[in-house]
Amino acid sequence: MDIMLFHSVHGLTPSVTAAAERLRAAGHQVWTPDLFDGRTVETTEEGVALRDEIGKDELLKRAVLAAAPYSERGLVYMGLDFGASVAQTLALGDEKARGLLLLHGTSDIAESAAVDELPVQLHVAEPDPYETDDWLSAWYLRMQRAGADVEVYRYRGAGHLYTDPELPDHDAEAAERTWAVALDFLDSL
């Protein structure tokens, strides 16, 4: 499978590279565009400030330019946290997308969004301060209305970015369960 993996609000950190290597070891081809031009941050607050400094339109432009050379292959778009919102936006706009794998995040969905049974899998903490229950319920319904085939997995007691071993949110057990389910999802596409 060809996977376009977008990093979290912390930037293209060693943990993102390790995630890509895990996917490659499972037989996938993976690209990890650096939307922050080499800048990484320690905290979510710093990451949000950096994201806002660069700007949503510029970040989306960078993501589209990174994915464009490979989109004819039928990409699986994957994202971590902030990168999940980028991946979701691109997948919903790419008629050749083969799947969407979201870890730790979602995004708004345009009313006009329409896909043809796009396989979507979401993994989030429960509770998650950025992905509240009400938000996730509404997101799920909007994704279904857009035509996506959605699966949601929640991890009780895990922190927001629980798959990232570099962060205090890390939960090794939840991370391993997430990777097992996610790799099965990718193998099914």
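This tour proceeds from one selection to the next and states what is found at each stop.

**Before starting**

The structure is a predicted model, in which local features need pLDDT of at least 70, side-chain atom pairs count only at pLDDT 80 or more, and totals for chains, interfaces and linings use all residues. Residues are numbered from 1 along each chain as its sequence is written, and side-chain values use heavy atoms, with hydrogens and water left out.

**Stop 1: Glu 53 and Arg 39**

Select Glu 53 and Arg 39, which form a salt bridge whose closest N and O atoms are 3.0 Å apart. A salt bridge is a side-chain nitrogen of Lys or Arg within 4 Å of a carboxyl oxygen of Asp or Glu. Because Glu 53 lies in helix H2 and Arg 39 in the loop between E2 and H2, the pair ties together parts that are 14 residues apart in sequence. Helices (H or I, at least four residues) and strands (E, at least two) are DSSP runs, numbered from the N terminus. Glu 53 is exposed, with a relative accessible area of 53%, whereas Arg 39 is partly exposed at 40%. Here, buried means under 20% relative accessible area, exposed over 50%, and partly exposed in between, with a 1.4 Å probe and protein chains only. The structure holds 11 salt bridges, and further ones follow.

**Stop 2: Glu 72 and Lys 96**

Next, select Glu 72 and Lys 96, a salt bridge with its closest N and O atoms 3.4 Å apart. Glu 72 lies in the loop between H3 and strand E3 (76-80) and Lys 96 in the loop between helix H4 (82-93) and strand E4 (99-103), so the pair ties together parts that are 24 residues apart in sequence. Glu 72 is exposed at a relative accessible area of 61%, and Lys 96 is partly exposed at 36%.

**Stop 3: Glu 126, Arg 156 and Pro 127**

Select Glu 126 together with Arg 156: this salt bridge has its closest N and O atoms 3.3 Å apart. The pair links distant parts of the chain, with Glu 126 in strand E5 and Arg 156 in strand E6 (residues 149-156), 30 residues apart. Glu 126 is partly exposed at 21%, while Arg 156 is exposed at 65%.

Then add Pro 127, which is found in the loop between E5 and helix H5 (133-146). A cis peptide bond joins Glu 126 and Pro 127, with omega about -5°. Most residues other than glycine have a negative phi, and most peptide bonds are trans.

**Stop 4: His 104 and Glu 117**

His 104 has a positive phi of about 75° although it is not a glycine. The residue lies in the loop between E4 and E5 and is buried, with a relative accessible area of 1%. Glu 117, also to be selected here, has its place in the loop between E4 and E5. Its phi is near 55°, a positive value in a residue other than glycine, and Glu 117 counts as exposed at 61% relative accessibility.

**Stop 5: Gln 121**

Select Gln 121 in strand E5 (residues 119-126). Gln 121 counts as buried, at 1% relative accessibility. Which side chains make polar contacts with that of Gln 121? The side chain of His 123 does so at 2.7 Å, and the side chain of Glu 151 at 2.7 Å. A polar contact is a pair of N or O atoms within 3.5 Å; within protein, one must be able to donate a hydrogen and the other to accept it, and residues adjacent in sequence count only if both atoms are side-chain atoms.

**Stop 6: Asp 81**

Move to Asp 81, in the loop between E3 and H4. Asp 81 is buried yet has no salt bridge, and the nearest side chain of opposite charge, Arg 51, is 7.1 Å away. For charges, Lys and Arg count as positive and Asp and Glu as negative; His and the chain ends are not counted. Display His 160 as well, since its side chain makes a polar contact of 2.7 Å with the side chain of Asp 81. The backbone nitrogen of Val 9 lies 3.1 Å from a polar atom of the side chain of Asp 81.

**Stop 7: Asp 37, Glu 58 and Arg 62**

Finally, select Asp 37, Glu 58 and Arg 62, which are linked in a network of salt bridges.
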